[in-house]
Number of protein chains: 2
Amino acid sequence: MKAIAVAHANIALVKYWGKRDEELILPEAASLSITLDLLRTTTSVELGAREDSFELDGRSEDPARARAVLDAAGIREKARIVSRNAFPTGAGLASSASGFAALAVAACAAAGLRRTPQELSALARRGSGSAARSVAGGWAVWEDESARQLFPPEHWDLRFVVAICAQTPKETSSRDGMRHSRETSPYHAAFIGQCRRDLPRALQMLAARDLRGLGELAERNALLMHADALAADPPLLYWEPATIGCLRALHGSRREGTEAWATIDAGPHLVAICAAADAKRVETTLRAVSGVKDVLVCAPAGGARVLP
Amino acid sequence: MKAIAVAHANIALVKYWGKRDEELILPEAASLSITLDLLRTTTSVELGAREDSFELDGRSEDPARARAVLDAAGIREKARIVSRNAFPTGAGLASSASGFAALAVAACAAAGLRRTPQELSALARRGSGSAARSVAGGWAVWEDESARQLFPPEHWDLRFVVAICAQTPKETSSRDGMRHSRETSPYHAAFIGQCRRDLPRALQMLAARDLRGLGELAERNALLMHADALAADPPLLYWEPATIGCLRALHGSRREGTEAWATIDAGPHLVAICAAADAKRVETTLRAVSGVKDVLVCAPAGGARVLP
């Protein structure tokens, strides 16, 4: 009646930005992501409680979205859910992906439900679209109802250097931001078209372990997503001064021969993609940028799993 | 055989970003601008020299583009051209607009050529597209071969608060940047479409002196231009950390009731549009932003003119 699961947040190299179905949370275009080891959420689900409760990092939260996932799984019993992030919460590091992935896996285990990885991924998706990719883990593609892992984390020894560029929560959630972009940005259709062209190229580069190719593609895909949001009416500006500082610092590093490229989710933080051998140098570069609060050096991680 | 002219740089509220004819410098979409009093260039042209020479702020420069303007005017005599900017040169403040406007007007005066304002505007355009608007001055629209003044500077007592956000010259010129955007950005066609929708609305708001309407439109139009450039391949990033700092500072000011909106040309500097009564407060706000080097409070100015 109780189970504990662990899952990792992920960063998309071909972004998910816009739903073709708001109700079912189905994306307009397929996305590619990698889970990050340090961005880890641990969630316990205990069934048979008197009422639903959801505790996140020691604070009580509204259990409504968690209940929607339980309902979708066919779990009618009330649940006591306790979730803990091993990384800064509320800093805009996409903890909803790892959180809903761990929740879906823990809830099904607690209820004794046998679910395939695809079914678990589809279930997590009902809480947060990108959670579908965190269930799959590793290098994952999400296209329709569930994400699938294309390559395990061991496929490529990359590092993802996360520069925390603000401590305040962002003004506009990803959910609201992507809907607003889809409804008002004159660039949105072209962004979706670009994602459809980017994905097959990204998969080729991933298979071939072509860092420069994938890095350039990921950086441009991220800038296009932010440009789509900037073109919304009214505009969505997710960046802080430090975000630009990090972008320029990486451009400078590349001119000096250190191969690192940026991706940025719907928030101010920048994630630099580089070879493991360059991670320390990239970390030092980003720590020196004015306004950067902290830097985390992450390696690829696997999917969501039940703890024994 | 010698004449001196003065002209002012301008800032566009509906941007010019993309040529339909690279040779003739004709824009894809019409733009709206205002000349700024403090951004002033004074240029003297003396005909009958032994060879062309061009001195800008005391430095000798290549006279090739100036010669193209003289040729277009039918002036075959060699010219000694001396130009001086009353504002920071090489800081990315669009001195080519005021420079070529003053050059065209001074050269025709020196040669004793009688030219209509339209003809002078078209001539300056051959040096730099936005120079066509600086010849017209005031609130000017440039659509085809020349710009025309729609309202004189006295029409509206606004201020344009220029925050200098970097001291180094930008990496990519406007000329190269707009060509690169047109050729590689999947958002470019949508940007041009937006400009065509924005201009008639902007002219209505200008006629009605609707500051909030014009401010919101101008800020969004500028962000769309930068988003178009960001989406180019490889991306064009004109912003510095201070640019984002200024954008966020203006958003904060608006929440507190000070009505000021941003526009940004193809460079890092931000220009805040506000009522004259608010200029001091906006100046103080922008001076406090980390990375801002200087702030200039400009009023609307007129067109290019020959000095007596």
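This dialogue works through the fold of chain A and its interface with chain B in a predicted model.

Reader: How should I read the radius of gyration of chain A against that of a compact globule?

Author: The idea is to set the value against the one expected for a globule with that number of residues; for 308 residues the expectation is near 19 Å, and chain A has 19 Å, which agrees. Along the principal axes, the C-alpha atoms of chain A fill a box of roughly 60 × 40 × 35 Å, while 58% of the residues of chain A count as buried.

Reader: Which secondary structure elements make up chain A?

Author: Chain A comes to nine helices and 14 strands, and, among its contacts between residues at least 6 apart in sequence, 77% join residues at least 24 apart.

Reader: How much area do chain B and chain A bury between them?

Author: Buried area is what two parts lose in accessible area on being put together, summed over both; here chain B and chain A bury about 2500 Å², with 65% of it on carbon and sulfur atoms. Tyr187(B), Arg220(B) and Arg248(B) supply 28% of the area that chain B buries against chain A, more than any other three residues. The contact draws 29 residues from chain B and 29 residues from chain A.

Reader: How many salt bridges are counted between chain B and chain A?

Author: The count is four salt bridges, including one in which the side chains of Asp233(B) and Arg220(A) meet at 3.7 Å, N to O. Across this interface, 12 residue pairs are in polar contact.

Reader: Which element of chain B gives the most to the side that touches chain A?

Author: Helix 6 (188-207), helix 7 (211-230) and helix 8 (241-255) of chain B each give two or more residues to that side, and helix 8 of chain B gives the most, with seven residues. The residues on this side of chain B divide into 17 nonpolar, four polar and eight charged.

Definitions and conventions:
Residues are numbered from 1 along each chain as its sequence is written. Chains are lettered from A and ligands numbered from 1 in the order in which they are written. This is a predicted model: local features need pLDDT of at least 70, side-chain atom pairs count only at pLDDT 80 or more; totals for chains, interfaces and linings use all residues. Side-chain values use heavy atoms; hydrogens and water are left out. Contact means heavy atoms within 4.5 Å. Buried area is the accessible area (1.4 Å probe) that two parts lose on being put together, summed over both. A polar contact is a pair of N or O atoms within 3.5 Å; within protein, one must be able to donate a hydrogen and the other to accept it, and residues adjacent in sequence count only if both atoms are side-chain atoms. Helices (H or I, at least four residues) and strands (E, at least two) are DSSP runs, numbered from the N terminus. Ala, Val, Leu, Ile, Met, Phe, Trp, Tyr, Cys and Pro count as nonpolar, Asp, Glu, Lys and Arg as charged, and the others, Gly among them, as polar. The radius of gyration is taken over C-alpha atoms; the globule rule is 2.2 Å times the number of residues to the power 0.38. Buried means under 20% relative accessible area, exposed over 50%, partly exposed in between (1.4 Å probe, protein chains only).
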